[in-house]
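Hi everyone, thanks for having me. I'd like to walk you through a structure, one piece at a time.

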Amino acid sequence: MTGVRVATRLKGISVLVLLELAVLTPLLIWSIMDFRSARRDYQFADTVRASFYERSGIGDQYSLYREDRFRQQWIESNTTLDHLLMQANVQTREGLEAELTVQIHQNVDDSSDIFQRIVKNTEALKGTTGNHRVYEDLDKRLLSQLFLKNAAVHGLTSDLKNAIAARADRSFQRLVIAIGVFALILVLGAVLPALQLNGLIRRRLLDLHIGARSLTKGHLDYRIPSRDSDEFGELARAFNTMATKLETEILAHTRSEDALRLAASVFTHAREGIAITNAQGTLIDVNVAFTRITGYSRDEVLGKNPRILKSGRQSPYFYAEMWRHLTEKGFWRGEIWNRRKSGEVFAEILTISAVRDSHNMTQHYVALCSDITPIKEHEEHLERIAHFDALTGLPNRVLLSDRLHQAMAQAQRRNQTVVVAFLDLDGFKSINDQHGHDAGDHLLIALAARMREALREGDTIARLGGDEFVAVLIDLQNGDACLPMIERLLTAAAQPVHWEGFTLQVSASLGVTFYPQTQDIDADQLLRQADQAMYQAKMSGRNRHQIFNAA
Amino acid sequence: MRAVVVVLWALWVFTGCSQHNESSPPQVPLESRNITVAYTTQPQSTLIHVAVAKGFFAEEGLQVQSLLHTFGKASLQSLLNHQADIATVAETPIMFSVLKGEQIAVIATVEASTRNNGVVGRRDAGIRSAGDLKSKRIGYTPGTTSDFFLDSMLTSAGLTRAETTPVALKPQEMQDALVAKTVDAVSTWNFPLSQIQQVLGSNALLIYDKEVYTETYNVVTQQSFLQAQPETIKRFLRAMLKAETYTARNRDEVQRLMSDATQTDIDLVREVWDVFSYHVVLDQAILLTLEDETRWAMRNKLTDQTVMPDFRKYIHTGSLRSLKPEAVKLNW
């Protein structure tokens with residue numbers, strides 16, 4: 001039975017029921033007609049019986065009164081009865097009913113004859129001739145026989161009615177049996193298979209139910225038995241396939257979730273600030289690092305444009321270039337100065353990537369930024385180490401050279417004069433010897449600061465090493481214009497410095513030269529000229545300046 | 001499958017229940033009983049002959065001893081003489097026996113006829129019609145239907161018995177008396193009625209009147225026997241009912257059977273067959289005829305009785321009603 005499709009079974013049952021109906025319906029109709037025929041016959045027999053009784057009654061009246069009206073009425077009644085009996089002879093079936101009908105007819109005919117004899121004898125009775133007593137005797141004999149015939153007809157009509165009633169009963173029983181058989185076959189042919197089918201469905205549904213419940217509980221490795229090829233088998237296989245796909249999906253989903261979780265974790269825990277915007281550039285998410293770097297909380301920036309971070313240091317051209325690159329290449333990477341919520345400008349290295357869909361339409365922008373301010377500071381520090389004196393913070397020989405070259409070029413362009421002053425402290429060695437290097441260093445730092453303050457913005461005072469300094473003075477119309485500043489330098493160098501209860505005081509010898517000169521000259525030559533002039537100042541008695549004189 | 005069995009069982013019970021209306025054969029072997037049945041070689045006794053020949057009595061556990069007579073009055077006499085337990089006889093001898101005070105009971109009518117009785121007259125005696133019987137010597141068997149029928153016949157012809165010369169004869173004497181011309185006519189029944197006609201040939205004139213007399217042939221027993229062995233009566237009647245059915249369905253065979261049993265020519269049997277109606281009943285015919293004949297007997301001083309007996313006491317309807325209610329048309 002297993003493996004037969006439910007639809008096929010249902011079709012089978014339907015065909016069976018239709019066949020039953022086709023076969024049994026005519027039988028049922030025949031039974032009904034047979035039953036109705038029996039009932040009709042019964043009613044007809046009753047009519048015959050009633051007609052006979054009517055005739056008998058009229059006959060009795062005649063017997064009592066011997067009046068002609070009764071005789072005439074009896075004849076009419078007899079005619080009616082005769083017609084009915086003729087009809088009965090035609091209608092009646094074979095067997096007992098036919099036999100009874102014949103007997104009834106016979107007895108009715110006999111009784112008619114007897115009645116006619118009675119009528120005839122009545123005339124004799126009324127007459128005066130003959131043996132009157134014999135007529136009376138004959139009358140009694142005839143009446144007696146008439147009674148017997150009537151009784152016989154009475155009994156026979158009863159029998160006929162009973163026979164027809166019995167036939168009606170049999171017909172009814174046949175009808176009931178036909179209905180019973182109809183119902184039985186219906187039960188056997190339809191209801192039982194339907195019940196069996198119901199059982200099968202329930203049984204098979206149980207498997208599916210258990211399977212579905214297992215799947216619902218998350219046992220995706222459960223498989224419903226699906227060996228049969230019917231609808232349940234198909235359904236079970238569909239369930240199993242679904243479970244397999246679900247299992248795969250869920251596995252993929254789990255992995256995806258892990259990946260998402262990882263991504264979220266990366267997003268959250270990344271040291272780099274991450275900002276995500278939509279295609280229009282509106283911020284839709286930022287991570288903790290972003291908040292840490294910019295000072296803006298997530299809620300403060302969501303829905304806003306990243307330009308709130310603008311520092312103003314980058315030109316509009318910079319941003320135009322950035323967007324052009326981003327649009328063309330899908331990314332941009334570079335360093336940019338931005339402004340924290342606190343207003344502090346900071347440097348960051350920024351990578352912006354466009355996230356595009358399958359149609360190459362930009363859906364989002366993801367920006368990764370790292371605060372590189374400390375790096376910048378370190379770079380500045382390195383630069384300072386390279387170009388500035390570590391003790392005094394004044395430009396060193398390298399920077400001096402650079403500045404000197406710039407000043408020379410500028411003076412050339414502007415037709416101005418550059419003054420180079422070589423300065424050496426007088427008596428510094430004795431400070432070191434007397435108070436130690438710390439005192440010397442302290443003195444150097446203090447004097448350096450004073451000398452720098454003594455100069456203008458744009459002028460440079462550099463330390464070459466030890467107690468040697470060089471000042472480069474620019475934007476001068478001629479050499480004499482530098483003299484006030486030379487004096488301020490000498491003054492500054494001669495000011496006493498207090499250190500741990502001591503007063504430290506030195507002076508400075510200063511050699512000065514100018515640029516340009518009549519002859520082409522380079523920076524080194526200028527420095528050497530100044531150095532020579534300084535030497536002459538020292539020789540001349542210290543704490544003074546000496547203009548280089550080539551002669 | 002259990003459901004199928006239950007449904008089939010229910011259907012079997014249902015259909016089975018509808019088939020218990022007819023008297024079914026006894027389920028257990030019956031106790032065998034010996035009875036003596038007095039009956040006649042007349043066609044009226046056909047059902048008894050069939051029941052004997054076809055073993056219907058035996059089926060009912062009745063071992064029947066047959067006591068055959070030529071006519072019913074003799075058969076009844078053997079019952080009255082306690083030579084038989086049951087007898088078959090027409091109503092006239094029954095009527096006379098009751099008037100004499102015999103305690104007998106009719107348990108069934110097994111035959112009825114309006115044409116079994118007749119008067120056969122000799123044409124050479126000048127008999128051309130019923131009216132010609134006037135002043136004629138007419139043979140009859142007193143105390144039998146022959147007696148009553150003759151009076152009915154004469155009445156029908158406008159005659160009285162006094163206008164004729166009745167001659168008492170036994171049935172078997174009639175043919176010879178006619179041939180010997182010691183009588184001009186005889187009132188008798190079949191088979192003698194037809195046999196006499198055959199013997200006389202064209203000289204015979206059959207006179208009958210089916211509108212003045214209905215003969216009944218009955219099964220009678222002593223009331224004491226009825227009370228002592230009611231079950232035997234029922235078995236007897238059950239066998240009679242079987243014989244009735246058998247006879248209706250096997251006309252030819254029963255005719256041959258009667259021919260053999262009564263030593264009567266088969267053609268004669270067939271000739272008179274339709275005269276008789278073989279039904280086991282109890283209806284108005286027996287009661288009414290007994291009373292008619294009683295009036296006749298009293299009027300003609302054939303009995304000392306002057307009061308009509310209540311014949312209902314002599315007709316036992318219970319046994320037949322218990323077996324076939326519709327066969328009993330007498331209600332009391």
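Let me begin with a term: two strands count as paired if DSSP finds at least two bridges between them. Please also keep in mind that this is a predicted model.

With that in hand, look at chain A. Strand β1, residues 273-278, is joined to β2(A) by three bridges, and the two run antiparallel. One spot to find on your screen is Ile276(A), which stands opposite Asp285(A) in β2(A).

Now let's widen the view. These two strands belong to an open sheet of five in chain A, ordered β2-β1-β5-β4-β3, with antiparallel pairing. Which strands stand at the edges? They are β2 (283-286) and β3 (331-339) of chain A; each has a single partner strand, so one side of each is left without a neighbour in the sheet. On average, neighbouring strands here are turned by 25 degrees against each other, ignoring direction.

Next, the place where the chains meet. Chain A puts 25 residues into the contact, and chain B puts in 23. On the chain B side, α1 (2-17), α6 (145-156) and α13 (284-299) each supply at least two residues. The largest share, six residues, comes from α1(B). Sorted by class, that side of chain B has nine nonpolar, nine polar and five charged residues.

Finally, let's zoom in on Thr155(B), in helix α6 of chain B. Is Thr155(B) buried or exposed? Buried needs 20 or more other C-beta atoms within 10 Å, and Thr155(B) has 26, so it is buried. Beyond its close sequence neighbours, within four places, Thr155(B) is in contact with Val134(A), Asp137(A), Leu138(A) and Arg141(A).

Technical notes:
Residues are numbered from 1 along each chain as its sequence is written. Chains are lettered from A and ligands numbered from 1 in the order in which they are written. This is a predicted model: local features need pLDDT of at least 70, side-chain atom pairs count only at pLDDT 80 or more; totals for chains, interfaces and linings use all residues. Two residues are in contact if their C-beta atoms, placed from the backbone, lie within 7 Å. Helices (H or I, at least four residues) and strands (E, at least two) are DSSP runs, numbered from the N terminus. Ala, Val, Leu, Ile, Met, Phe, Trp, Tyr, Cys and Pro count as nonpolar, Asp, Glu, Lys and Arg as charged, and the others, Gly among them, as polar. Axes are lines fitted to C-alpha atoms, for helices over the stretch in contact, and angles run from 0 to 180 degrees between N-to-C directions. A residue is buried if 20 or more other C-beta atoms lie within 10 Å of its own, exposed if 12 or fewer, and partly exposed in between; C-beta atoms are placed from the backbone.
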